[in-house]
Amino acid sequence: MPRHLSDGSSTRLCATARIKFSINVQLMTRGALSLLLPPLSPPQFLSLSSRRLSLLHPPPPLPATLSRALDFYFAFATDILKAGSRRLFSATRVQTVSTMAADEEVVGTVKDQLAKLFEESLRVTVPDQTDTDPLIAACNPRFGDYQCNNAMSLWTKIKGTGSAFTGPQPVGQAIMTNLPRSEMIESCSIAGPGFVNVKLSRQWIAKSIQKMLIKGIETWSPKLRVKRAVVDFSSPNIAKEMHVGHLRSTIIGDTLARMLEFSNVEVLRRNHVGDWGTQFGMLIEFLFEKFPNMEVVSDQAIGDLEVSENLFRKLFICFCGHLFEYLYEIFPNMEVVSDQAIGDLEAFYKASKQRFDSDPGFKERAQQAVVSLQGGQEKYRKAWSQICEISRKGYEKVYQRLGIVLEEKGESFYNPYIPGVLEELSKKGLIEESEGARVIFIEGKKYPFIVVKSDGGFNYASTDLTALWYRLNEEKAEWMIYVTDVGQREHFEMLFTAAKRAGWLPPGDNSYPKANHVGFGLVLGEDGKRFRTRSTEVVKLVDLLDEAKSRCKAALVDRGKAEEWTEEELEQTAEAVGYGAVKYADLKNNRLTNYTFNFDQMLNDQGNTAVYLLYAHARICSIIRKSGKDVEELKKSSFQDLSRLSLQDWTVGGDNLRRRLGMIALNLNSLTLMMVQKTSLIINVYLHIEKVSYIYILLYQTGALVLEHPNERALGLHLLQFAEIVEEACTNLLPNVLCEYLYSLSGHFTTFYTNCQVVGSEQETSRLLLCEATAEVMRKCFYLLGIRPVYKI
């Protein structure tokens, strides 16, 4: 077997290595060898003296003829020894092009890849236990990186069945012994009752990170079982302004949608707005009283939100029907009413509400208007449509500020489908009569699930059942996710139970299609009660966002950024940090718990806050900028063909070039392929045709990622675990899992940067690439959380 190379000059080389043909060999980071025989005329001769290549040791000679040697090479499988790990290569000759079989692309998480290896081992170790899935988990860093925990459960199954195993530890030992060889594993060990600890290869971690930098972080996306999902979130009520109560549903739902989309799931983002109900009856009925000729009523007549935004901010926090009742009595000619004439909307609301409560006749007419609306009468639908459009303009502005994308399919969308769905449920015997209403009785529930009210009207239950049916049958969704407060938990439990009884959903919770309710707790003030203004009003979402941005801008001005940046940069940064702080303060908490809203805490630049993490990302970007290197060029330079080097490069390269130069000696007699240095990128094979004695494969490495320092490896491993974190957050529908990972990643980077000099070190290129990989993962985390990164601070 060829010896390792040294910088000594005592090696005997042939006097001249003359190139007649060249074979370009591409050794990709995943370990594939592709030999290309270009149908080109022979290149010009190139002579390399033994003095210039004195660091290379010659391997044993090739077979007698080049033709026989190449035929032999194309047909054999070769072992490559790289940093102590053994890898298998195969080759196939197809006319003039032969390509060695590449390792599989990285698919899924590190756990997924280890599970495939242990699955093979389990099939060999316990062939009779065909239903055994590998149990892979992260383990204590003292013992390794990951752990296979199947031994104990297997021993419980096979004990007393005549198995040759005498306990769980021998089972674990056999699992480890039968583990197929893989470049990703550096070593394995047994601990306790058969736990198989795995330590990942530094080289494989580095290669995986470098591949991500070249091909993009999407190569690290997890692979979920589901292909299409509906995420139902935000869902404000028409004629009400969005307030802090809508914050959690909106940003939690958006983050879940983003994580699923990153995991290659087609996500239908649904805004199930409350655009159907009694409040529309009140509003429409009063509108008709004051405007008999509805055709001439414009948006301005009932208030154009674009023009009268401040007016409608106040309007939307109340039931519009009450307010319009009062407005239309005061201003019969509503077409010419101006904002100034209307004055204080809060006072109008109080007066209109008082009259509504004391006028049974108006209430009765409003209820009848709802029936007419649901019946599809044209003038009622036209008035309803106009009201919805005014309200829609308001919350679209909020979505734009938060970077939220939604498709509206409100309660009204499903109205035409309700009769057919209820008929289907009736035929299946699910719907029964009870006290004049039509209901579905749910076992274990005190009250029935009312699907038709006693007055014949539909309600939330009938609409939600129909929406679930539509999503399953028309939109072909496999996973329906409903993001609302925990107070609606029982409603969704009854909804899903009814769907299972109807046969729409399977009885279990782990089979597809399935539906989940993503509940969340309350946003509290510092007094421990629901977050409200000092006047006990609900906090408007736009006011909250304005305050966050204003505070961030003031902090940046205090730091002197107004003199350094343009006004546009100042505004954009204040917006990104302010809105990001509000989102992260919510998302970092377990969604099921209440949390206290506190501007001072969420805008703190220390601790687990968006401000700290955004600043950490900006610092990484600053490190790369200060190096003066183009990080995109560094990525590309990781793959540089040696054919670009001239003889002068070889001569003047000196020790630095020698440190970067490696050789693979191909010994066709012993069928081995040996890498002398830990480097494998794009290379050239030079053949001496007249006196074939050996093949040199020369490598010139300029940008390879190396994880030699313990803190480099720890950071690299944490980066590689990104995919499984996203998968965990998606599977459990918990965005805080991603927040915890992001904060931990920042800590790993700080430790690395404290102990490993980057700029000006011998490892500068490698460490700059590690910095860029960290920034890349942080940016993807920010994106999944709906936060815009900042690049300077």
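The following exercises, each with a worked solution, concern the sheets, helix contacts and local features of a predicted model.

Local features need pLDDT of at least 70 and side-chain atom pairs count only at pLDDT 80 or more, while totals for chains, interfaces and linings use all residues. Residues are numbered from 1 along each chain as its sequence is written, and side-chain values use heavy atoms, with hydrogens and water left out.

**Exercise 1. The sheet of three strands**

Determine the strand order of the open sheet that contains S14, and state which strands stand at its edges.

Solution. Helices (H or I, at least four residues) and strands (E, at least two) are DSSP runs, numbered from the N terminus. Two strands pair if DSSP finds at least two bridges between them.

Step 1. The order is S14-S15-S16, with antiparallel pairing.

Step 2. Strand S14 (432-434) and strand S16 (449-452) are the edge strands, since each pairs on one side only. From one strand to the next the twist averages 50 degrees.

Step 3. S14 and S15 are joined by three bridges in the antiparallel sense, and Ser434 stands opposite Ala437 in S15. Their hairpin has two residues between the strands, and Glu435 there takes a positive phi near 55 degrees.

Step 4. Three bridges also join strand S15 (residues 437-440) to S16. Across this antiparallel pair, Arg438 stands opposite Val452 and Ile440 opposite Phe449.

Step 5. Helix H16 (residues 460-473) lies across S15 and S16 and runs at about 85 degrees to S16. Contact here means heavy atoms within 4.5 Å. Axes are lines fitted to C-alpha atoms, for helices over the stretch in contact, and angles run from 0 to 180 degrees between N-to-C directions.

**Exercise 2. The sheet of five strands**

Establish the order of the five strands in the parallel open sheet, and explain why one side of each edge strand is left without a neighbour.

Solution.

Step 1. The strands follow the order S13-S12-S11-S17-S18, and their pairing is parallel.

Step 2. Strand S13 (407-408) and strand S18 (514-520) are at the edges; each has a single partner strand, so one side of each has no neighbour in the sheet.

Step 3. Within the sheet, strand S11 (residues 228-232) pairs with strand S12 (residues 266-271) over five bridges in the parallel sense. Arg228 stands opposite Glu266 in S12.

**Exercise 3. Two helix crossings**

Classify the crossing of H5 with H26, and then that of H18 with H20.

Solution. Angles under 35 degrees count as roughly parallel, over 145 as roughly antiparallel, 65 to 115 as roughly perpendicular and the rest as oblique. A crossing is left-handed if the near helix is turned anticlockwise from the far one by less than a right angle, and right-handed if clockwise.

Step 1. The axes of helix H5 (residues 202-215) and helix H26 (residues 710-720) come within 10 Å and cross at roughly 55 degrees. The two helices are therefore oblique to each other, and the crossing is left-handed.

Step 2. The contact is made by Arg202, Trp204, Ile205, Ser208 and Ile209 of H5 and by Arg713, Gly716, Leu717, Leu719 and Leu720 of H26. By class, this contact has six nonpolar, two polar and two charged residues. Ala, Val, Leu, Ile, Met, Phe, Trp, Tyr, Cys and Pro count as nonpolar, Asp, Glu, Lys and Arg as charged, and the others, Gly among them, as polar.

Step 3. The axes of helix H18 (residues 541-558) and helix H20 (residues 567-587) come within 8 Å and cross at roughly 125 degrees. That angle makes H18 oblique to H20, and H18 passes H20 in a right-handed crossing.

**Exercise 4. An aromatic pair and local features**

Describe the ring pair of Tyr482 and Phe496, and locate Pro513 and Lys476.

Solution. Rings of Phe, Tyr and Trp (its six-membered ring) pair if their centres lie within 6.5 Å; planes under 30 degrees apart count as stacked, over 60 as edge-to-face and the rest as tilted.

Step 1. By this rule there are 18 aromatic pairs. The rings of Tyr482 and Phe496 have centres 5.8 Å apart and planes at 50 degrees, so the pair is tilted.

Step 2. Tyr482 lies in strand S17 (residues 479-485) and Phe496 in helix H17 (residues 489-501), so the pair ties together parts 14 residues apart in sequence.

Step 3. Most residues other than glycine have a negative phi, and most peptide bonds are trans. A cis peptide bond, with omega about 0 degrees, joins Tyr512 and Pro513; Pro513 is in the loop between H17 and S18.

Step 4. Lys476 has a positive phi of about 55 degrees although it is not a glycine, and Lys476 lies in the loop between H16 and S17.
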